[in-house]
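Work through the following exercises with the sequence and the model at hand. Each task is followed by a stepwise solution.

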Amino acid sequence: RVVYVNGEFLPEEEAKISIFDRGFLFADGVYEVSTILDGKMVDNPAHLERLGRSMYELGMTPPCSMEEIEVIQQEMLKRNPIQEGGLYLQVTRGAADRDFVYPDESTRSSLIMFTQEKPVVESALAKRGMRISFQPDIRWQRRDIKTVGLLPASMAKVAAQGEGADDAWMVEDGKVTEGTSNNAYIITQDDVLVTKARSNKILHGITRKAVLALAKEEGLTIEERDFTPEEAKLAKEAFVTSASTFVTGVVNIDGQQLGNGTPGPMTIRLREIYIDFARQNLS
Ligand code: PLP
């Protein structure tokens, strides 16, 4: 693989970052993952817009303009010609002597990118459907900022897998917030699509926005509101959305099988129309 580090395209073995990088010392960094489909990026302008918002919310100086970031992304796709997978991009506040106070403007923020090849359309997990277990949401209170501080989410996923599930849905104050790296949805027995409303409590998923718009066009009734673990277990269908997994069915919640234990018809339909949307929004 060819990776990108601060102005250079290098073989991955040669890429280096300072041990003083604030991403390493303070998790002082933000990231985005644009899915690669048919050799191009899905809905990438929306990811760059959210990257800009994350940096703004943390008072982080962008490493360069968004246009320049896009040029580097395109060069990465040229140098790593994969059909399906993801392009990971990370900006940290850069390398400075260790201090809780942000370094001044003269410290250059750091930009890195790498690709990961993996099937996205023909996903084994999407065919089988995911098993979910509930875990306490112990993350910070600004989950709308996409930072690299992912340890609590990582702990939740490991705990879920320890219980025989594939992933966790995190619970706070008796309500489901989201998955460890995805937004969470249920379809009630009377066909209402329910997902938590946007706030600082969840990441504002790029896929979430697209899927809710597509679901509306399909004539589905949508409620953006809290739901409890108990309500989730009574659902007709459930699914998650993320850039890398699109729409993926949930077939078992906390040991309770949903429907016949395979991804439900509405979930399958939403996955199909999202993939069509993705193919129309490549760059
Ligand atoms: N929620 C969390 C905590 C995430 O980490 C992610 C993606 O990484 C999502 C939701 C889904 O967001 P997107 O659809 O933009 O990938």
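## Exercise 1: the ligand shell

By class, three nonpolar, seven polar and two charged residues make up the shell around the ligand. The model is a predicted one.

Task: State which residues surround the ligand, and find which element gives the most to the shell.

Solution.
1. The residues around the ligand are Glu178, Ser181, Asn182, Asn183, Leu203, Gly205, Ile206, Thr207, Arg208, Thr241, Ser242 and Ala243.
2. Two or more residues of this shell come from each of α6 and β13 (237–242).
3. The largest contribution is that of α6, with three residues.

## Exercise 2: helix α6 against helix α8

Task: Describe how α6 packs on α8, giving the angle and the distance between the axes, and the handedness of the crossing.

Solution.
1. Helix α6 spans residues 206–217 and helix α8 residues 265–280; they pack at an angle of about 115 degrees, and their axes are 10 Å apart.
2. Angles of 65 to 115 degrees count as roughly perpendicular, so α6 is roughly perpendicular to α8.
3. The crossing of α6 past α8 is right-handed.
4. From α6, Ala210, Val211, Leu214 and Ala215 meet Leu270, Ile273, Tyr274 and Phe277 of α8.
5. Sorted by class, this contact has eight nonpolar residues, no polar and no charged ones.

## Exercise 3: helix α2 against helix α3

Task: Repeat the description for α2 and α3, with the angle and the distance between their axes, and sort the contact residues by class.

Solution.
1. α2 and helix α3 (residues 66–79) pack at about 130 degrees, with 11 Å between their axes.
2. The angle lies outside the parallel, antiparallel and perpendicular ranges, which means that α2 is oblique to α3.
3. α2 and α3 cross in a right-handed manner.
4. Asn44, Leu48 and Gly52 of α2 meet Met66, Ile69, Glu70 and Gln73 of α3.
5. The classes in this contact are three nonpolar, three polar and one charged.

## Exercise 4: the two domains

Task: Give the bounds of the domains, and identify what domain 1 presents to domain 2.

Solution.
1. The domain assignment divides the protein chain into domain 1 (2–117) and domain 2 (124–280).
2. Their C-alpha centres are 26 Å apart.
3. In the contact, 21 residues of domain 1 touch eleven residues of domain 2.
4. On the domain 1 side, β3 (29–37), α2 (44–57) and β5 (85–92) each supply at least two residues.
5. β3 has the largest share of that side, eight residues.
6. By class, the domain 1 side holds eight nonpolar, eight polar and five charged residues.

Note on methods. Residues are numbered from 1 along each chain as its sequence is written. This is a predicted model: local features need pLDDT of at least 70, side-chain atom pairs count only at pLDDT 80 or more; totals for chains, interfaces and linings use all residues. Axes are lines fitted to C-alpha atoms, for helices over the stretch in contact, and angles run from 0 to 180 degrees between N-to-C directions. Helices (H or I, at least four residues) and strands (E, at least two) are DSSP runs, numbered from the N terminus. Angles under 35 degrees count as roughly parallel, over 145 as roughly antiparallel, 65 to 115 as roughly perpendicular and the rest as oblique. A crossing is left-handed if the near helix is turned anticlockwise from the far one by less than a right angle, and right-handed if clockwise. Two residues are in contact if their C-beta atoms, placed from the backbone, lie within 7 Å. Ala, Val, Leu, Ile, Met, Phe, Trp, Tyr, Cys and Pro count as nonpolar, Asp, Glu, Lys and Arg as charged, and the others, Gly among them, as polar. A residue is near a molecule or strand if its C-beta atom, placed from the backbone, lies within 6 Å of it. Domain bounds come from an automatic or database domain assignment.
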